Amino acid sequence: MVAAPENIKVELRGAPRWFLESTMAYRGPKVNREFIIGGPGGTGKSRGILQAIAYFCETIPGLRVLLCRKTRESMTSSTLVEWEECFPTDHPVLEGARREQRSIYHFENGSEVAVIGLDKPTKVFSTKWSIIYFEELTEEGVESDNWDKFYRGLRHAVTVNNQRLLIGTCNPVFPEHWVRQRMLEGKCETRPTVHQDNPRWHDGTLNADGSYSEDGWTEDGKAYIDGLRKMEGYTRRRLLDGEWCSADGMVFPEYDKDTHVVDGRIEENVLHIPGKAPIPVEWYFVSMDFGFRAPGCLQVWAVDDATNLYRIVEVYQRNHMIDWWADVLVQLAREFPFNRGVADCADPSSINFLNDRIGKFRGRTASRIIQPCDKSAGKLHGFDQLRWGFSKVDGGPRTFLFKDALRYGRDMDLRAKGKATCMEEELTSYVWKKVKNGAAETEEPDPNSADHAIDAAVYAHVFAWKKDLKVRKAKPRYKRGTYGATFLDDNGKPFDWPRYQ
């Protein structure tokens, strides 16, 4: 329990308690501190943060606090219910308009708590605040630039122990989401939560090692957890285990970051990968998927003597004309001696432009380095090539992605929208979608999933391998009626004559 005014009960555990104790213990100069608390649904993270904010407002006169979510309407039955439950029913702060019409809560000491949604951005970003709390940061449509803009509002004179606080809570979603990346990059202070942190589900009993006791579950808690355990797939992993994981139905389930993303480097046409002997490069080539408003993607691939493929460079950018891509291609040609490549056959004029530019660079005319991709066997055939490259069957995998291969920067606008910014991020978010085809139901790649780098990789694999991945039946080496077919081995089968060079 944390000391609080008599009329406010503050029972905090886990991450909310850490947040409150950390802010109360601060004794440094004025600073803006950012906290993001992520964990499964029902762990009490929102209620805990709201209780801490209620404590601040009662003990520090003149605070200005913003409670925010994607829309104001969504707060009435969620954020504000928990907020008002932080106080006794006769508390003065609850006097006034009904919850759905409420825009501000007044404390007797002059502190104020405003309630605004991102659908009113002017009110959010143009006012001065001591504390800003945003609930459900991973809600669809909430972007990182919305979050960054909140710093404009952290400029009210009254602070919490010399701290202005930007606080967010969220449930886990896919691992490439901008919130998760912000956590991993150390741009915020963060702690996960567990269901035992919620006093409604667990009585707080601890084992000798400090972990929560299994005997401490309340009846409501047992029922809640049993319900989560009946879920399946990624929903269970996110809401029960708190895992930032990709959706089920991935088009490329064979892809595994720990296996296929390698910390490699290249020196004098030799690949150096930790744990492997040096690998000479037999040849290089490039692959490209064109784009302007949607991202375009250019990849450089190295091929070894076993025709394993290594993506060593990737350029993933939007809003660039074909001449910019041609300049990039020429720059990469100075670095890697490729003499062949493949690009989307739907744009032959762009292919011609690239060939003309790289031909002038090399002092040649009518250069035909970049070829149109082969789509004759269909999209799924190309997927099979890439999946076969990632699979571990028959001595695989055969496809590897160099870590930190991205050139010319990451598109932060895409990151802000929660969209993929490179091939690795596309692979984990590219999923199947069920589609009605008359009376039948089929699966197709979700058109909302980004596939620009995937398409470039598919073109590359079909170009490099040209494999038919069907199981082949053994065929006799010699046709009937030829001399070769008349000779039989000890098993009565046509003799396999040696080939001489």
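In this predicted model, a small topic comes first: three strands make up an open sheet, arranged in the order 9-10-11, with antiparallel pairing. Strand 9 (265-267) and strand 11 (279-280) sit at the edges, each pairing on one side only. Strand 9 and strand 10 (residues 270-272) run antiparallel and are joined by three bridges. To pick out one pair, Arg265 has His272 of strand 10 as its bridge partner.

A second open sheet has seven strands, and here the order is 3-4-2-5-6-1-7 with mixed pairing. As a reminder, strands of a sheet pair through backbone hydrogen bonds, and they can do so either parallel or antiparallel. The edges of the seven-stranded sheet are strand 3 (104-106) and strand 7 (189-192), and each of these pairs on one side only. Ignoring direction, neighbouring strands of this sheet are turned by 15° against each other on average. Strand 1 (residues 31-38) and strand 6 run parallel, with eight bridges between them. Within that pairing, Asn32 is matched with Arg164 of strand 6 as its bridge partner. Helix 2 (residues 45-59) packs on the sheet, where it touches strand 1, strand 2 (64-69), strand 4 (112-117), strand 5 (131-135) and strand 6. The direction of helix 2 makes about 160° with that of strand 5.

Next come the helices. Two packed helices are described by the angle between their axes and by the distance between those axes. For helix 12 (residues 379-390) and helix 15 (residues 452-465), the packing angle is about 80° and the axes are 9 Å apart. Angles of 65 to 115 degrees count as roughly perpendicular, so helix 12 is roughly perpendicular to helix 15. On the helix 12 side, the contact is made by Lys379, His381, Gly382, Phe383, Gln385, Leu386, Trp388 and Gly389. Helix 15 brings Ile454, Asp455, Ala457, Val458, His461, Val462 and Trp465 to the contact. Sorted by type, the residues of this contact come out as eight nonpolar, five polar and two charged.

A couple of backbone details turn up in the loops. Gly396 and Pro397 are joined by a cis peptide bond, with omega at about 5°. Pro397 belongs to the loop between helix 12 and strand 17 (399-402). Asn161 is not a glycine, yet its phi is positive, near 50°. The loop that holds Asn161 runs between helix 5 (144-153) and strand 6 (163-170).

Finally, there is the empty space. Rolling a probe the size of a water molecule over the atoms shows where such space is left. The second largest pocket has a volume of about 780 Å³. Its lining takes in 29 residues, and those nearest the centre of the pocket are Glu176, Tyr255, Lys257, Glu424 and Glu425. Two or more lining residues come from each of helix 6 (178-184), helix 9 (257-260), strand 14 (309-317) and helix 14 (423-429). Helix 14 gives the most to this lining, with three residues. By type, the lining of the second largest pocket holds 15 charged residues, 11 nonpolar ones and three polar ones.

Terms used:
Residues are numbered from 1 along each chain as its sequence is written. This is a predicted model: local features need pLDDT of at least 70, side-chain atom pairs count only at pLDDT 80 or more; totals for chains, interfaces and linings use all residues. Side-chain values use heavy atoms; hydrogens and water are left out. On a 1 Å grid over the protein atoms alone, a cavity is a set of points where a 1.4 Å probe fits but cannot get out, and a pocket is an open set with protein on both sides within 12 Å along at least five of seven lines; lining residues have an atom within 4 Å of a point. Grid points are joined across faces, edges and corners, and a volume is the space filled by probe spheres set on the points. Helices (H or I, at least four residues) and strands (E, at least two) are DSSP runs, numbered from the N terminus. Ala, Val, Leu, Ile, Met, Phe, Trp, Tyr, Cys and Pro count as nonpolar, Asp, Glu, Lys and Arg as charged, and the others, Gly among them, as polar. Axes are lines fitted to C-alpha atoms, for helices over the stretch in contact, and angles run from 0 to 180 degrees between N-to-C directions. Angles under 35 degrees count as roughly parallel, over 145 as roughly antiparallel, 65 to 115 as roughly perpendicular and the rest as oblique. Contact means heavy atoms within 4.5 Å. Two strands pair if DSSP finds at least two bridges between them.
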